[in-house]
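Please open the structure in your viewer and keep the selection panel at hand. The stops below say what to select next and what is there.

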Amino acid sequence: MSVDLEKFFDTVNHSKLIEVLSRTIKDGRVVSLIHKYLNAGVLQNGFFEKTEEGVPQGGPLSPLCGNVMLNELDKELEHRGHRFVRYADDVLIFCKSRRSAERTLENIIPFIEGELFLKVNQAKTTVTHVSKTKYLGYAFYRNRGKCRFRVHPKSAKKMKGRIREITQKNKGWSNDYRRQKLAEYVRGWINYYKLADMKGLMTETDEWLRRRIRAIYWKQWKKVKTRYRNLRALKLEEWQVHQIANSRKGYWRTAQILSVALTNKIIAKLGYISMLDYYLKVS
């Protein structure tokens, strides 16, 4: 069961938050300072607006205040004996059956809305099997009786979309800059998803990525004589050089043929990161 809190950071009740903080923080000056921070207001389009509820996003105190508030939910779920996981305002509660999950949801909503004064988004709060759940970009599946992680299809699609942007043929970037941006994105993405089982996804994406890289180089070799020179430098047979250099196929089709010249090994020597190799290294 996935619980969605509607506009959480914008709807945190100040009075409730101060009450929770006051149970632990006995120095009234600190509590007063936090209260002033919450009521400081914000500038919207050049105009000052009061902040009578919510915690200002972007500030260092906001995630701390949010976790202080939702720690009350953690304690309540523990008290009721539920198994759950929470990251910021994303909450998963695990139940043995659908009926049990529906009953748990029915019982926990009054606490969230009546005690914490937060709003549950009923449209996005779902009771579903764990295999159909998306959590922080991850999905779940069972293997030999154990629950395992995989990358959710929507997350994989978003990743490919970002790589497609970086490897656009018409972007006007130098090859060095493109390699750098690609490596930065790939390392960051894989370090986030390294807990997932994604060897197959990385193998498939690597093949697709290398084909896009070949298409970039083919576009850069605009003139036929440039193509002849570069293909010969890659030690191809003369008949292969002639056949490829005079190809009238589109960039994507030619990129596939170009794999005999710009091999995987050569692309690696050019400095392009391999998603599979990096995943195997860090996982």
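The tour goes from strands to salt bridges, then to aromatic rings and a helix position.

This is a predicted model, in which local features need pLDDT of at least 70 and side-chain atom pairs count only at pLDDT 80 or more, while totals for chains, interfaces and linings use all residues. Residues are numbered from 1 along each chain as its sequence is written, and side-chain values use heavy atoms, with hydrogens and water left out.

**Strands**

Helices (H or I, at least four residues) and strands (E, at least two) are DSSP runs numbered from the N terminus, and two strands pair if DSSP finds at least two bridges between them. Begin by selecting residues 2-4, which are strand S1, together with residues 90-94, which are strand S5; the two pair in the antiparallel sense over three bridges. Within this pairing, Asp-4 stands opposite Asp-90 of S5.

Now add residues 83-87, strand S4, which pairs with S5 in the antiparallel sense over five bridges. Arg-83 has Phe-94 in S5 as its bridge partner, and at the hairpin of S4 and S5, where two residues lie between the strands, Ala-88 takes a positive phi near 55°.

Move next to residues 138-143 (strand S6) and residues 146-151 (strand S7), which run antiparallel and are joined by six bridges. Asn-143 stands opposite Lys-146 in S7. This is a hairpin with two residues between its strands, and Arg-144 in the turn has a positive phi of about 55°. While the side chains are displayed, it may help to recall that in a regular strand they alternate between the two faces of the sheet.

**Salt bridges**

The structure holds 13 salt bridges, each defined as a side-chain nitrogen of Lys or Arg within 4 Å of a carboxyl oxygen of Asp or Glu. For the accessibility of the partners, buried means under 20% relative accessible area, exposed over 50%, and partly exposed in between, with a 1.4 Å probe and protein chains only.

Select Asp-27 and Arg-29, which form a salt bridge with their closest N and O atoms 3.1 Å apart. Asp-27 is partly exposed, with a relative accessible area of 30%, whereas Arg-29 is exposed at 68%.

In helix H6 (residues 153-166), select Arg-162 and Glu-165, which are three residues apart and therefore separated by about one helical turn. Their salt bridge brings the closest N and O atoms to 3.0 Å; Arg-162 is partly exposed at 29%, and Glu-165 is partly exposed at 38%.

Which two side chains meet in a salt bridge at 2.0 Å, N to O? They are those of Arg-179 and Asp-176, which both lie in helix H7 (residues 175-193), three residues apart, about one turn of the helix. Arg-179 counts as buried at 17% relative accessibility, while Asp-176 is exposed at 54%. Another selection is Lys-16, Glu-19, Arg-23, Glu-72 and Lys-75, which are joined into one network by salt bridges that share partners.

**Aromatic rings**

A search of the whole structure finds ten aromatic pairs. Rings of Phe, Tyr and Trp (its six-membered ring) pair if their centres lie within 6.5 Å, and planes under 30 degrees apart count as stacked, over 60 as edge-to-face and the rest as tilted. Phe-8 and Phe-9 have ring centres 5.0 Å apart and planes at 70°, so this pair is edge-to-face; Phe-8 is buried, with a relative accessible area of 3%.

Tyr-192 and Tyr-193 form another edge-to-face pair, at 4.7 Å centre to centre and 80° between the planes. Tyr-192 is partly exposed at 44%, but Tyr-193 is buried at 8%. Extend the selection to Tyr-138, Phe-140, Phe-149 and Trp-189, which form one aromatic cluster with Tyr-192 and Tyr-193.

A charge sits over a ring if NZ of Lys or CZ of Arg is within 6 Å of the ring centre and within 35 degrees of the ring normal. Select Lys-160, which lies over the face of Trp-208 at 4.6 Å from the ring centre, and then Lys-171, whose charged end sits over the ring of Trp-173, 4.9 Å from its centre.

**A buried helix position**

Finish at Thr-205 in helix H8 (residues 199-220), which is buried, with a relative accessible area of 1%. Leaving aside neighbours within four places in sequence, Thr-205 is in contact (heavy atoms within 4.5 Å) with Met-159, Ile-163 and Met-275.
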